[in-house]
Protein chains: 2
Amino acid sequence: MATGRTHRPATRSRGIPEATVARLPLYLRALTALSERSVPTVSSEELAAAAGVNSAKLRKDFSYLGSYGTRGVGYDVEYLVYQISRELGLTQDWPVVIVGIGNLGAALAGYGGFASRGFRVAALIDADPAMTGKPVAGIPVQHSDDLEKIIEEDGVSIGVIATPAGVAQQVCDRLVAAGVTSILNFAPTVLSVPDGVDVRKVDLSIELQILAFHEQRKAGEESNAEAEAEAEAETAAAAVAPPAPRGTTGGAGRKGPDGDVPAVMPA
Amino acid sequence: MATGRTHRPATRSRGIPEATVARLPLYLRALTALSERSVPTVSSEELAAAAGVNSAKLRKDFSYLGSYGTRGVGYDVEYLVYQISRELGLTQDWPVVIVGIGNLGAALAGYGGFASRGFRVAALIDADPAMTGKPVAGIPVQHSDDLEKIIEEDGVSIGVIATPAGVAQQVCDRLVAAGVTSILNFAPTVLSVPDGVDVRKVDLSIELQILAFHEQRKAGEESNAEAEAEAEAETAAAAVAPPAPRGTTGGAGRKGPDGDVPAVMPA
DNA sequence: ATGTCTTTGTGAACGCGTGCACAAAGATGG
DNA sequence: CCATCTTTGTGCACGCGTTCACAAAGACAT
């Protein structure tokens, strides 16, 4: 999960739980795959397997949408594709602007998964004048001076930020001021937005860090098979690189106002 | 959040809740920013604001790691950076391979957020012979024939898949067979892996679809201010594009409009 | 029509995550 | 040394999400 919702905390949207909404695209993908293979119907068990979830969960998810299945048979693939698409709002056209055409922005511009689901890349925007006019994925890059004009003319309500972290907030502000109400943020920053604007964040390095955590745990488990492990590796760690917990009062402990402090060099 | 864990369902890892682990990188980022500005200490309130979370949640999260704060003062920034880094396993070096050097793979290879957090790009791998030897982000691309050798020689345990969906599963199988135990998957497919292997998924289009859902809801709310809205737009929608609820034998019907095929083009 | 068999839809129980609210801990000043 | 003030750490309650398990619904055969 590279995901993390930000705004709109636990507000059930129109009776459909957030967790369910987040899984609908998953079902939709599995269903379109079946549709292409001309499979007419599918059971909750089969579809759940294809989507990588539990079948009970899938049935409950669908129950929020309505009773679209047939007992004893399963779900009609085409019908379900349509119902989910409609629920997600994919039956209409969503113009999207991508701001920041670096490697990532270019990758996004060329990503087939967008166009295939109702998202249309209305414009690519970059602050670098050298990029202006250069076609990326077949679309000419426009200069960020025209950001407001582009958004208003095309009625864009969804913006993707793929800029460096330093300028993400100001880009965000301009997008919002121009009328964008949903933002997908790839920059590693916390964006602050007014009420009514949704922000979703995708952070590439966070996912890796979570993997590292589990990886470390796996490695630790197999070496310290016994109990011993439980007793905080604190002492051992302290021997390696021990910034003092706090100046402390009495302790002679090396207080380090700016002690060496290991690793994690600045981004 | 663009994210979604896959394997390892609700297993509390060593007493630290998954939800907390997922937030640690967030805190770490905020803390390193403070560290760069040489801020010595920070209160839970301030740090929570910087990380975009609730302060009670932050304190509870930290309480799982231990008592690293000082009442009446706050947390020592440097010390906390170290503790979180250690908990996440970032004090050690994690060699990572990226498979599939298209636009996205190239973006990942050059992403600063990796190197700055203990992740080292050990190799870039692509199946296209034309790519072999070509430097991307300063690292020469290697051919996928050498995948197993690279992984074993470098002791790589984390792999990133940025290939087209069609080959993601086989790439995954080869990675796992060669010894990789954590996988970050950018291909829009459900990967199946043996027990003991962690998979995390980042799907760019899923995030947009979730945004679209909320966007649609927002738009619907303001236009249908009254009750009327509640009564399923079923009939109206059916008039627009109504695949029969149970196509049965007759209508083979509209094949999937979108070639789902994901892109993330290989070269 | 009737019975059997498959699969959905959901009531209910459970567990995790979140947020409140407060006591305990320590800093700071007199 | 005592009083006051700030901020942490956490017990507790609540709500969301997940899972189980089963009754109801329909297909299908006889």
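The paragraphs below go from the surface around a DNA strand to the salt bridges and then to one buried strand.

This is a predicted model, in which local features need pLDDT of at least 70 and side-chain atom pairs count only at pLDDT 80 or more, while totals for chains, interfaces and linings use all residues. Residues are numbered from 1 along each chain as its sequence is written, chains are lettered from A and ligands numbered from 1 in the order in which they are written, and side-chain values use heavy atoms, with hydrogens and water left out.

Around DNA strand D there are 25 residues, of which A:R23, A:R71, B:S44, B:R71 and B:Y75 come nearest; a residue is near a strand if one of its heavy atoms lies within 4 Å of it. The surface near DNA strand D draws at least two residues from each of α1 (18–36) and α3 (55–65) of chain A, and likewise from each of α3 (55–65), β3 (69–70) and β4 (74–76) of chain B. Helices (H or I, at least four residues) and strands (E, at least two) are DSSP runs, numbered from the N terminus. By residue class, this surface holds six nonpolar, nine polar and ten charged residues, where Ala, Val, Leu, Ile, Met, Phe, Trp, Tyr, Cys and Pro count as nonpolar, Asp, Glu, Lys and Arg as charged, and the others, Gly among them, as polar.

On the side of the DNA, 63% of the atoms of strand D within 4 Å of the protein belong to sugar or phosphate, and the rest belong to bases. Both kinds of atom appear in the individual approaches. The side chain of A:R23 has an N or O atom 2.8 Å from a phosphate oxygen of DNA strand D, whereas in chain B the side chain of B:R59 places an N or O atom 2.9 Å from a base nitrogen, and a polar side-chain atom of B:R71 lies 2.8 Å from a base oxygen.

Salt bridges (a side-chain nitrogen of Lys or Arg within 4 Å of a carboxyl oxygen of Asp or Glu) number 14 over all chains. In one of them, the side chains of A:R120 and A:D93 meet at 3.1 Å, N to O. Because A:R120 lies in strand β5 (residues 119–126) of chain A and A:D93 in the loop between α4 (77–88) and β4 (94–99), this pair ties together parts that are 27 residues apart in sequence. A:R120 is partly exposed, with a relative accessible area of 35%, and A:D93 is partly exposed at 45%; buried means under 20% relative accessible area, exposed over 50%, and partly exposed in between (1.4 Å probe, protein chains only).

In chain B, B:E215 and B:K218 form a salt bridge with their closest N and O atoms 3.5 Å apart, and being three residues apart in helix α9 (residues 204–223), they are separated by about one helical turn. B:E215 is buried at 7% relative accessibility and B:K218 is buried at 13%. These two residues are linked with A:D198 in a network of salt bridges.

Finally, strand β5 (residues 94–99) of chain B has six of its six residues buried, so it is largely enclosed by the rest of the structure. From this strand B:W94, B:V96 and B:I98 point one way, and B:P95, B:V97 and B:V99 the other way. β5(B) pairs in the parallel sense with strand β6 (residues 119–126) over six bridges, pairing requiring that DSSP finds at least two bridges between two strands, and B:I98 has B:L124 as its bridge partner there. Four bridges also join β5(B) to the parallel strand β9 (residues 158–161), where B:V99 stands opposite B:I161.

How values were computed: Polar contact = N/O pair within 3.5 Å; in protein donor to acceptor, adjacent residues only side chain to side chain.
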